[in-house]
Amino acid sequence: MVLRNSDGMIIGDAGFKGAPNSKKEVEVGYGFLESCWHMGYATESVESLVKWALDLLVVEKVVAETRLENSGSIRVLQKVGMEQVEKKGDMVYWELTKQKHQFQSKK
């Protein structure tokens with residue numbers, strides 16, 4: 001659950017779709033109330049989750065998927081440094097590796 005600091009209201013959820021797999025990958029997912037879109041909440045939440053996961057020894061890559069028409073979600077994933085790796089049908093697939101994340105953090 002994601003709580004807004006100012007009033008403690010639940011504005012969405014963000015987390016991982018299970019434990020890391022055998023390739024040390026974990027998939028991030030999130031959803032927010034429409035009234036809270038375009039306010040930075042998703043970016044802040046996903047960025048925190050990605051950083052936390054990539055700091056773990058058991059995770060080498062964070063992945064995500066979103067629909068091609070979901071420009072808001074695409075923007076969130078771009079802002080946190082994820083790279084588009086595949087388009088298939090109406091889906092776009094993303095990833096951020098530990099190595100790439102560490103490089104971005106040093107800039």
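What follows walks through the fold, the sheet, the core and a couple of individual residues of this predicted model.

Start with the overall layout. The protein chain has three helices and six strands, and from the N terminus on these elements run β-β-β-α-β-α-β-β-α. The radius of gyration is 14 Å, close to the 13 Å that the globule rule gives for 107 residues, so the chain is as compact as a globular protein of that length. Taken along the principal axes, the C-alpha atoms fill a box of roughly 40 × 30 × 30 Å. Buried residues account for 35% of the 107 residues. The accessible surface comes to about 7000 Å², and carbon and sulfur atoms hold 51% of that area. As for how the chain folds back on itself, take the contacts between residues at least 6 apart in sequence: 48% of these join residues at least 24 apart.

Next comes the sheet. The six strands make an open sheet in the order E1-E2-E3-E4-E6-E5, and the pairing is mixed. Strand E1 (2-3) and E5 sit at the edges, each pairing on one side only.

Working across from the E1 edge, E1 and E2 run antiparallel and are joined by two bridges. Valine 2 stands opposite glycine 12 of E2 here. These two strands form a hairpin with six residues between them, and glycine 8 in the turn has a positive phi of about 75 degrees. Strand E2 (residues 10-16) then joins E3 through five bridges, again in the antiparallel sense. Two of the facing pairs along this seam are glycine 15 with glycine 29 of E3 and alanine 14 with tyrosine 30 of E3.

The pairing between E3 and E4 is parallel, over three bridges, with valine 26 partnered by valine 62 in E4. E4 itself has five of its seven residues buried, so this strand is largely enclosed by the rest of the structure.

At the other edge, strand E5 (residues 83-88) pairs with E6 in the antiparallel sense over five bridges. Glutamate 86 has tyrosine 93 in E6 as its bridge partner. The hairpin of E5 and E6 has two residues between the strands, and glycine 89 there takes a positive phi near 65 degrees.

Now to the inside. In soluble globular proteins, nonpolar side chains tend to be buried together. The largest nonpolar core in this model has 23 residues, and Val62, Met82 and Trp94 touch the most other members. At least two core residues come from each of strand E3 (25-32), helix H1 (41-54), strand E4 (61-67), helix H2 (71-79) and strand E6 (91-97). H1 gives the largest share, six residues. Val62, already met as the bridge partner of valine 26, is thus part of both the sheet pairing and the core.

Methionine 82 is worth a look on its own. Setting aside neighbours within four places in sequence, methionine 82 contacts Val62, Val63, Ala64, Leu77, Trp94, Glu95 and Leu96. That list includes Val62 and Trp94, which are named alongside Met82 among the residues that touch the most other core members.

Two further residues round out the picture. Glutamate 25, in strand E3, counts as buried because its relative accessibility is 17%, under the 20% cut-off. The side chain of glutamate 25 makes a polar contact of 3.5 Å with the side chain of lysine 61. Beyond its neighbours within four places in sequence, glutamate 25 is in contact with Ala19, Pro20 and Lys61.

Tyrosine 41 belongs to helix H1. With a relative accessibility of 22%, tyrosine 41 counts as partly exposed, a class that lies between the 20% and 50% cut-offs. Leaving out neighbours within four places in sequence, tyrosine 41 is in contact with Arg4, Ile11, Phe32 and Cys36. One of these, isoleucine 11, is 30 residues from tyrosine 41 in sequence, while the two C-alpha atoms are 8.6 Å apart in space.

Methods: Residues numbered from 1 in each chain as written. Predicted model: local features only at pLDDT ≥ 70, side-chain atom pairs only at ≥ 80, totals over all residues. Heavy atoms only, no water. Core = buried A, V, L, I, M, F, W, Y, C linked by side-chain atoms within 4.5 Å. Buried < 20%, exposed > 50% of the residue type's maximum accessible area, 1.4 Å probe, protein only. Helix = DSSP H or I, 4+ residues; strand = E, 2+ residues; numbered from the N terminus. Contact = heavy atoms within 4.5 Å. Polar contact = N/O pair within 3.5 Å; in protein donor to acceptor, adjacent residues only side chain to side chain. Rg over C-alpha atoms; globule rule 2.2 N^0.38 Å. Areas by Shrake-Rupley, 256 points an atom, 1.4 Å probe, with all protein chains shown as cover. Pairing = 2+ DSSP bridges.
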